[in-house]
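Me: I'd like to talk through the ring contacts and the nonpolar packing in this one. Could we start with what counts as a charge over a ring?

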Amino acid sequence: LLTIVSKSNVSVASCFVLLYTDKEEVVLWMNTVGPYHNRQETYKYFSLPFCAGNKKTISHYHETLGEALQGVELEFSGLDIKFKDEVLQTTYCEIDLDKAKRDAFVYAIKNHYWYQMYIDDLPIWGIVGEADENGEDHYLWTYKKLEIGFNGNRIVDVNLTSEGKVRLVPNTRIAMSYSVKWKKSDVKFEDRFDKYLDPSFFQHRIHWFSIFNSFMMVIFLVGLVSMILMRTLRKDYARYSKEEEMDDMDRDLGDEYGWKQVHGDVFRPSSHPLIFSSLIGSGCQIFSVSFIVIIVAMVEDLYTERGSMLSTAIFVYAATSPVNGYFGGSLYAKQGGRRWIKQMFIGAFLIPAMVCGTAFFINFIAMYYHASRAIPFGTMVAVCCICFFVILPLNLVGTILGRNLSGQPNFPCRVNAVPRPIPEKKWFMEPAVIVCLGGILPFGSIFIEMYFIFTSFWAYKIYYVYGFMMLVLVILCIVTVCVTIVCTYFLLNAEDYRWQWTSFLSAASTAVYVYMYSFYYYFFKTKMYGLFQTSFYFGYMAVFSTALGIMCGAVGYMGTSAFVRKIYTNVKID
């Protein structure tokens, strides 16, 4: 399912043929063309009235699921290129420039269109043309000057120089030409993608400072939480032990307050347990996927292969479906849920339905624009097959294991038959206020990294510092757990036992701040425009923020749950 091969007249030999012999064919693939400021708004290269070379045979073509979803549209250029065989400037085709074709090129030049090509999986970028200073005359670059570096029998470097500026005049013929120059290079094959990386951007001192700043925040928070809770809890335990020594009359007259008073309700099932357990299971799965994909990206250079990051994420998400079923199913069983099959279906399809629903909506806009980002029908079928035949069965296995291995409600306190009335408290102790404030510190620990991640995805940077990302993920989890524990402690101390949803939502509110930051990034850090790019940006940023919020909420709840169980285990309950 993860390999989709199109074009029946092409052999399915892998495109990773990286060893060449002298005079062997080297294929120049034309990928996409689109406006520079809208990275995701791409179209097929030949959607502009470019012409192709005369050579029609192709030796290999390969497309993965990740490539199909990312709009990679490889088309053969028709240029005759052979390994170590130099080509002087040669005309490969001519464009009969009528008014319609001229208008298409003028529109592309006005919107700063540029195109992408591939030689031996190495990307090359070139600009379509340029306008004069007054913006009245427009010029097309007609000469592709290729300089290819080789080391032994492997291609390690490709450079493109665009020359031959020709003014666009209707009813003329424009000759398109190319040349190929081969040069020996000392670049190792393993290091050939290093030229595309930008260490000055990603390893800037601000990046290091932000990591150090977040790390110091973690130390401060952990120390603060440990000190406050240990000292406060010690006083609480001492007060409760003193109350145990009182007789019934003194206890009735005493000033009883605090988290011990809600021991009979603190383990009461949350409201809407089916949705809640499905969210927790999905959050645990997203955390697992993030952790595994980052480790894989640290070990393997996924940026060297087209669509490999997305393909890896889809595969890992499908493979970790038992995690979702295990945690969601066991929590639902602990809370006394009986409709476990419905819970399993909701847990299995919660994230895929959100992603596919957003993609389906954006796909309509992409089809209207005839953009290459329009997802083919075959790819949709493949994704649906993965959901129904891989994710759902694995989720079922996890749910059965979770219900049987850890689905018993072994709480340290009995749950009262009648819920305790929740007393009035100050406004800042209300769950709604705690939820709004809970995401500020976790967002503060990651927002610098969000800038680098956004820039790599929405602009033309290749993200490769996955060690930074792993540190930020760990820091985010620690800060989230610390914040939710403190929030839950204050909530329970106010004798409000509605901590399950509060702990989840206070951590998940990080997503709201991330999405708000995406608005700032769009308007002040990019020059995106148009319906397609705007809907693509805000649609998928909503998906990213929601997934991040579900993950943070699950992490916050799991940490808080362990804390609540611990404090009620250590106190004597009548």
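Reply: A charge sits over a ring if NZ of Lys or CZ of Arg is within 6 Å of the ring centre and within 35 degrees of the ring normal. Please keep in mind that this is a predicted model.

Me: OK, so which ring does Lys195 lie over?

Reply: Lys195 lies over the face of Tyr196, at 5.5 Å from the ring centre. Another such case is Lys144, whose charged end sits over the ring of Phe50, 5.7 Å from the centre of that ring.

Me: And how many aromatic pairs does a search of the whole structure find?

Reply: The search finds 66 aromatic pairs. In one of them, the ring centres of Trp458 and Tyr537 are 4.7 Å apart and the planes are at 55°, so the pair is tilted. This pair links distant parts of the chain, with Trp458 in helix H12 (residues 440-458) and Tyr537 in helix H16 (residues 531-569), 79 residues apart.

Me: Are Trp458 and Tyr537 buried or exposed?

Reply: Trp458 counts as buried because its relative accessibility is 5%, and Tyr537 is buried too, with a relative accessible area of 0%.

Me: Switching topic, which residues have the most contacts inside the largest nonpolar core?

Reply: They are Ile81, Ile119, Val128, Ile155 and Tyr568, in a core of 148 residues.

Me: What does Ile155 touch, leaving out residues up to four places away in sequence?

Reply: Its partners include Tyr20, Phe83, Ile119, Leu122, Trp182 and Phe189, as well as Asp120 and Arg192. There is also a second, separate core of six residues, among them Val27, Trp29, Val72 and Phe76.

Note on methods: Residues numbered from 1 in each chain as written. Predicted model: local features only at pLDDT ≥ 70, side-chain atom pairs only at ≥ 80, totals over all residues. Heavy atoms only, no water. Phe/Tyr/Trp six-rings, centres within 6.5 Å; stacked < 30°, edge-to-face > 60°. Helix = DSSP H or I, 4+ residues; strand = E, 2+ residues; numbered from the N terminus. Buried < 20%, exposed > 50% of the residue type's maximum accessible area, 1.4 Å probe, protein only. Core = buried A, V, L, I, M, F, W, Y, C linked by side-chain atoms within 4.5 Å. Contact = heavy atoms within 4.5 Å.
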